Amino acid sequence: MKKTLLLCALSFVCLSTMAQNIPQGFTKSSSNVIYKVEKSNPMGQQVKENYLVFGAFSIAFNDSIVMNTLNRKPSKEPVFLVSKQNNMFKGDLMDGLLFMRSGEEYTFAFPKDSMAKIQRFPEGFEGWIYYRIRVDSVCSYDDFIKEKQKQADSLKKIEQEKIATYLKENHWENNNIEGIYYKELVKGEGEKAKNGDKVKVNYTGQLLDGKVFDSSLEDVAKENGLYNSARKYEPIEFQLGAGQMIRGFEIAAHQMSKGSKAMVIIPSSLAYGDRDMGIISPYSPLIFTMEVVDIQGQSTKEAKSTNKKADR
């Protein structure tokens, strides 16, 4: 009897000690995941290895929240890729996400020591790091890539149709130069710009629907609600061939000499491609009105050098 009571007492002490090792209200799994279920959805789709998780999360050091996106609406872009390659330690976030289903919300707790290699802490911090995760939806990585490619192919086809319609409706000649559509407005003087030259260009950029998204001209910026008092409105200067500008802009500059003015349609493949640039959505063709203000290049330097030698 005494032996039985002693064993019970020892078991109670062990359980109490274990309970003290994790925050109150949390459960520790056999795989060392320390978690608390905030919202359950047993019918949701299970998170699996090589799945993408769409949702939101917050990070807290003890009671202090240091990051929070939980108030955001569901995103079309994933926030986590659940992969063994991303595992940092046993019982980490990757292991925890495998517990979850779409429509669920969990909080995971991690002791400071386990996160020391991947998380910065305030000086003197001691305690727990809490990740609260909301899973809106999940899908396999392979399915996501296939869907992205399908969408990309569709957008590329639509882009080509938009460009063709614009050319026809605006009576542009199909003057395709290295992938861009170039229309000369004012003929310049001297040689065309070439790689290595420093070129100064005034420009206005717009979408095919006419919406202006950027300009180096102050009056155009003000007219289109883009004016920024902290910005200098002056010609942009760049070196041709150095990759400082989008490829289509450089191709257009190659067709121009000092004093030239032109309009150019640049397909997304020579602009921002599949990137979302805010007002410029993925696979958007762009129109630039460009005016070359000055060209400083090797030919200019060589001419100055020749003149100096002649003066001697």
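What percentage of the 312 residues in the protein do buried residues make up? The share is 38%. The model shown in the views below is predicted.

**View 1. Overall content of secondary structure and contacts in the predicted model.** The protein has seven helices and 14 strands. Of the contacts with a separation of 6 or more, 68% are between residues 24 or more positions apart. Buried residues account for 38% of the 312 residues.

**View 2. The hairpin formed by strands β8 and β9.** Strand β8 spans residues 176-177 and strand β9 spans residues 180-186. The two strands are paired in the antiparallel sense, with two bridges between them. One bridge partnership links I177 to I180 of β9. Two residues separate β8 from β9 in the hairpin. E178 lies in this turn and has a positive phi of about 55°.

**View 3. Pairing of strand β9 with strand β13.** Besides pairing with β8 over two bridges, strand β9 is joined by five bridges to strand β13, which comprises residues 261-266. Strands β9 and β13 run antiparallel. The bridge partner of E184 in β13 is A262.

**View 4. The largest pocket and its lining.** The volume of the largest pocket is about 480 Å³. Its lining consists of 17 residues. Those lying nearest the centre of the pocket are E77, F144, K148, Q151 and P282. Helix α4, which covers residues 141-169, gives the most to the lining, contributing seven residues. Sorted by class, the lining holds seven charged, six nonpolar and four polar residues.

**View 5. The surroundings of Q119.** Q119 is located in the loop between α3 (112-115) and β7 (128-140). Is Q119 buried or exposed? Q119 is classed as buried because its relative accessible area is 18%, and buried means under 20%. With residues up to four places away in sequence left out of the count, Q119 touches F61 and Y131. The contact with Y131 includes a polar one: the side chain of Q119 and the side chain of Y131 make a polar contact at 3.0 Å. The view thus places a buried loop residue beside F61 and Y131, both of which Q119 touches.

Notes: Residues numbered from 1 in each chain as written. Predicted model: local features only at pLDDT ≥ 70, side-chain atom pairs only at ≥ 80, totals over all residues. Heavy atoms only, no water. Pairing = 2+ DSSP bridges. Helix = DSSP H or I, 4+ residues; strand = E, 2+ residues; numbered from the N terminus. 1 Å grid on protein atoms, 1.4 Å probe; cavity = no way out; pocket = protein on both sides within 12 Å on 5 of 7 lines; lining within 4 Å. Points joined across faces, edges and corners; volume = space filled by probe spheres on them. Nonpolar A, V, L, I, M, F, W, Y, C, P; charged D, E, K, R; others polar. Buried < 20%, exposed > 50% of the residue type's maximum accessible area, 1.4 Å probe, protein only. Polar contact = N/O pair within 3.5 Å; in protein donor to acceptor, adjacent residues only side chain to side chain. Contact = heavy atoms within 4.5 Å.
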